[in-house]
Amino acid sequence: MVFFLENTFAEVIGKSVRGRKIEAFVYGRGNETLLFVGGIHGDERQGVEILTRFRRMVANTPEIRKNIRVVIVPKANPDGIRRGTRGNARGVDINRNFPTSSFTTNYHKKAYYPGRQAASEPETKALIKLIQKYAPSLVVTIHAQLHCMMVEGDVWEIARRMQYYNHYPLVAELDYETPGSFGQYCLERGIPMITLEVPRIPHHALWEQNKRALVEVLRHSPGKLAHQRMLIESKKTPSLFEALQRQDWYLWRNMFTNMYEWKKQDAEGNTALHYALKRGDVPLALWLIERGIHLATTNTKGWSPLFEAAYWGHGEVVKQLLKKGISPEERDPYGWTPLIIAAQRGHKDIVRVLVEAGAKVNTQDIYGYSALMEAVRCQHKDIVEYLLARGADPYQTNCYGQTASRQAILARSTNTLILLGGGQ
Ligand SMILES: [Zn+2]
């Protein structure tokens, strides 16, 4: 059944065990489809709330969905949502019920009951049907409580753009197995997934954190990024930045001999040094630093080269920038410091270099997160240990009143909890 609503089609893609409609809201036209799914776990209402607001926004602002089709399923598990349970009406965890190579009927906790066989549940079947029908270029799902973004497949560039707005740490995997998950199912079909694990804070605050991040997905979809790359690669005489993006060392080393070229910035304020760091060209970065070109220039996202180096883990570059007098206490608009970033990303060598150069260990960002909390959330045990030894305060709280210990519990990180002395 298909009916017209708010200039779009609300498509019933299936019915739950109890006969509740599972709806997909389809907006816009285009060769590329982006799929957003919430409420797979009925006790994680956050996804339902965020995607309901997002759906309204996408419906009312056609310009953000130009050339793409946006499919939104706010309530993938309507019975579970109604009852407030993780599983569906039969107690099956939909996120363990997908027909993947790893599917197993074994489970160690009732909450993860995968069902009697793969794809036994109507809720699972509805999502499979949707994937088959639209073949999305990317799936974004929303879950709750771990406070991170899990990236499956080659969509790190998009995830990083989202991260700038929602501030969540990026991880490649969680520290527990998820056989038969929706993400695994998509990945086995070549479809990447970004899973938002949102923290336990009020729904309106979650929406504020994530609305820009979700719009970034529409602006920089995998198809749009690939198209952009293709355009750049087809140019015979690219600009400096295009050559840097192409990683065409021969080209830029021979074409751009005029120093004036190297002082330019691209539309997002990035300098050649930003590019070199993002692309991992440490020799080029050091060459630019030696010449003192744009050592402290920030791009439009508020990041100077020191931030980029701390993010990407270029320890030697961090050292050289500090030697040139760049302050380790620089802050971006979110109040992040290079130390907070390095702690989050797990670059222990950089954490050490920054602290030794005088970076304050207890600086907090605008949400109240410190380097210690970031290391805890991202489960970098050795960095937690190091920061505690260098005077990091385990009793500081973020703006939600959570200490580092509390965050270790939310991240299910027993190792770091022990380091912090348990409790909370
Ligand atoms: Zn979940």
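This is a walk through a few strands and helices of the structure, and through one loop residue. Keep in mind that the model is predicted.

Let's begin with the sheet, at strand E6, residues 138-144. Most of E6 is covered, with six of its seven residues counted as buried. One of its partners is strand E4 (residues 32-38), which runs parallel to E6 and is joined to it by five bridges. If you want a spot to click on, take Gly38, whose bridge partner in E6 is Ile142. E6 also pairs with E9, again in the parallel sense, and here there are six bridges. Look for Thr141, which stands opposite Thr195 in E9.

Thr195 is a handy place to turn, as this residue of E9 is also the bridge partner of Met150. That takes us to strand E7, residues 148-152. E7 is mostly covered too: four of its five residues are buried. E7 and E9 (residues 193-198) run antiparallel, and five bridges hold the pairing together on paper. E7 has another pairing, with strand E8 (residues 170-171), this time parallel and over two bridges. In that pairing, Met149 stands opposite Leu170 of E8. To get from E7 to E8 the chain passes through helix H4 (residues 156-166), and the resulting β-α-β crossover is right-handed.

H4 is worth a second look for its packing. Its axis comes within 7 Å of that of helix H6 (residues 203-219), and the two cross at roughly 155°. Angles over 145 degrees count as roughly antiparallel, so that is the label for H4 and H6. The crossing itself is right-handed. On the H4 side, the contact is made by Ile158, Arg161, Met162, Tyr165 and Asn166. H6 brings Gln209, Asn210, Arg212, Ala213, Glu216 and Val217 to the contact. Why does spacing matter in lists like these? An α-helix has 3.6 residues a turn, so residues three or four places apart point the same way.

Now jump along the chain to helix H13, residues 305-312. How many of its eight residues are buried? Seven are, namely Pro305, Leu306, Phe307, Glu308, Ala309, Ala310 and Tyr311. Those buried residues pack against four helices: H11 (272-278), H14 (315-323), H15 (338-345) and H16 (348-356). Just past the end of H13 sits Gly313, with a positive phi of about 80°.

Two of the helices that H13 packs against, H15 and H16, also pack against each other, with axes 8 Å apart and an angle of about 155°. H15 and H16 are therefore roughly antiparallel to each other. Their crossing is left-handed, whereas H4 passes H6 in a right-handed one. From H15, the residues Pro338, Leu339, Ala342 and Ala343 meet Ile350, Val351, Leu354 and Val355 of H16.

Our last stop is Gln379, in the loop between helix H17 (371-377) and helix H18 (381-389). Is this loop residue buried or exposed? The cut-off for buried is 20 or more other C-beta atoms within 10 Å. Gln379 has 21 such neighbours inside 10 Å, so it counts as buried. For a sense of scale, take Thr271 as a reference: Gln379 is 108 residues from it in sequence and 32 Å from it in space, C-alpha to C-alpha.

Key
Residues numbered from 1 in each chain as written. Predicted model: local features only at pLDDT ≥ 70, side-chain atom pairs only at ≥ 80, totals over all residues. Buried ≥ 20, exposed ≤ 12 C-beta atoms within 10 Å, placed from the backbone. Pairing = 2+ DSSP bridges. Right-handed = clockwise from strand over helix to strand, strands pointing away. Axes fitted to C-alpha atoms, helices over the stretch in contact; angles between N-to-C directions. Parallel < 35°, antiparallel > 145°, perpendicular 65-115°, else oblique. Left-handed = near helix turned anticlockwise from the far one by under 90°. Contact = placed C-beta atoms within 7 Å.
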